[in-house]
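Visitor: I have a model open here and would like to go through it. Could you take me along the chain and then into the interior?
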Amino acid sequence: MATGAELDDCRRVAEEAARLGGRELLRRFGDHGRVDYKTTPTDLVSEADRASETRIVELLRARRPGDGILAEEGSDHVGDSGLRWVLDPLDGTVNYVSGIPFWCVSVACEQQTRHGWRPVVGVVHDPVHDETFCGVRGGGAVLNGTPLTRRAGIPLGEVVLAAGYAYDVDHRRVQAAVVTDLAADVRGVRMLGSTALALAWIAAGRCDAYVEDRTFRWDWAAGQVIAVEAGVAVEVSGSRVLAAPPELIDGLRPRVAALG
């Protein structure tokens with residue numbers, strides 16, 4: 001198991017890496033270069049994504065050469081330390097290329113256990129607003145150094161629900177039906193466009209719950225640590241992420257069962 005000192009070092013490295021990637025993205029915001037499609041015309045990757053990932057991976061390989069890397073744009077590396085970095089160099093690419101200032105860099109560190117990889121450090125950095133959300137397993141969560149704690153005792157009728165849609169356009173009909181059902185019982189629904197930043201916002205109390213499926217590990221690994229350390233319940237089932245106050249998650253689970 002990683003020691004407290006090692007986790008603290010990983011936190012510092014994660015913050016440095018996320019800010020480095022963020023500076024690269026901010027420099028290119030509004031002039032992002034070529035945009036390509038991956039799985040569908042709604043699944044974008046830009047030159048800015050790749051440039052951010054390159055800078056982050058270079059730093060991680062220099063600072064933590066024994067650790068593994070799992071990166072959205074393919075800069076993977078097999079390590080031997082029992083720790084692995086999971087990164088999304090630009091979460092919210094559609095927002096980014098559209099000029100919408102809701103996107104982030106997500107950097108998580110995972111520890112290998114007998115049950116698989118477990119995120120233990122998470123950093124979500126929003127360069128536009130100069131906000132850095134950070135969580136360490138068992139060590140709490142902070143926003144720019146200020147501790148984060150979720151709002152307690154919130155009833156479903158006061159929940160602001162954040163949700164996301166898949167790149168698969170046909171599957172969006174399933175997602176829309178689930179969100180429509182929930183919309184009748186919550187205060188509001190917001191489609192934000194970044195899983196990592198949505199989870200960080202829940203930790204900060206700006207939203208209260210989140211649901212999305214067809215996600216990947218780099219979408220939620222860092223945000224999960226931050227949200228959990230702020231007192232939010234986060235469940236990952238297959239590709240589905242459900243985050244909510246602990247007192248509400250049992251009631252929400254069956255209502256999102258069609259997703260996964």
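Guide: First a term: helices (H or I, at least four residues) and strands (E, at least two) are DSSP runs, numbered from the N terminus. The model is predicted, so local features need pLDDT of at least 70, side-chain atom pairs count only at pLDDT 80 or more, and totals for chains, interfaces and linings use all residues. Residues are numbered from 1 along each chain as its sequence is written, and side-chain values use heavy atoms, with hydrogens and water left out.

Visitor: OK. What follows H1?
Guide: Glycine 30, with a positive phi near 95 degrees. Helix H1 itself covers residues 4–28 and spans 36 Å from its first C-alpha to its last. That is close to the 36 Å expected, taken as 1.5 Å times one less than its number of residues.

Visitor: And the sheet, what is the strand order?
Guide: S3-S4-S5-S6-S7-S8-S9, an open sheet of seven strands with mixed pairing. Two strands pair if DSSP finds at least two bridges between them.

Visitor: Which strands stand at the edges?
Guide: S3 (68–71) and S9 (146–147); each has a single partner strand, so one side of each has no neighbour in the sheet. S3 runs parallel to S4 (residues 83–91), joined by four bridges, and glycine 68 is opposite arginine 84 in S4.

Visitor: Which strands does H2 lie across?
Guide: Helix H2 (residues 47–63) lies across S3, S4 and S5 (104–113), at about 155 degrees to S4. Axes are lines fitted to C-alpha atoms, for helices over the stretch in contact (heavy atoms within 4.5 Å). Angles run from 0 to 180 degrees between N-to-C directions.

Visitor: Switching to the interior. How many residues are in the largest nonpolar core?
Guide: 33, and those touching the most other members include Phe133 and Tyr210. Such a core is a set of buried Ala, Val, Leu, Ile, Met, Phe, Trp, Tyr and Cys residues joined through side-chain atoms within 4.5 Å. Buried means under 20% relative accessible area, exposed over 50%, partly exposed in between (1.4 Å probe, protein chains only). The largest share of this core, seven residues, comes from H5.

Visitor: Is there a second core, and which residues does it include?
Guide: A separate one of 30 residues, with Leu7, Cys10, Leu25 and Trp103 among them.

Visitor: How many disulfides?
Guide: Zero, counting a pair of cysteine sulfur atoms within 2.5 Å as one. The sulfur of cysteine 109 is 3.9 Å from that of cysteine 10, its closest, which is too far for a bond.

Visitor: Is cysteine 109 buried or exposed?
Guide: Buried, at 0% relative accessibility. Cysteine 10 is buried as well, with a relative accessible area of 0%.
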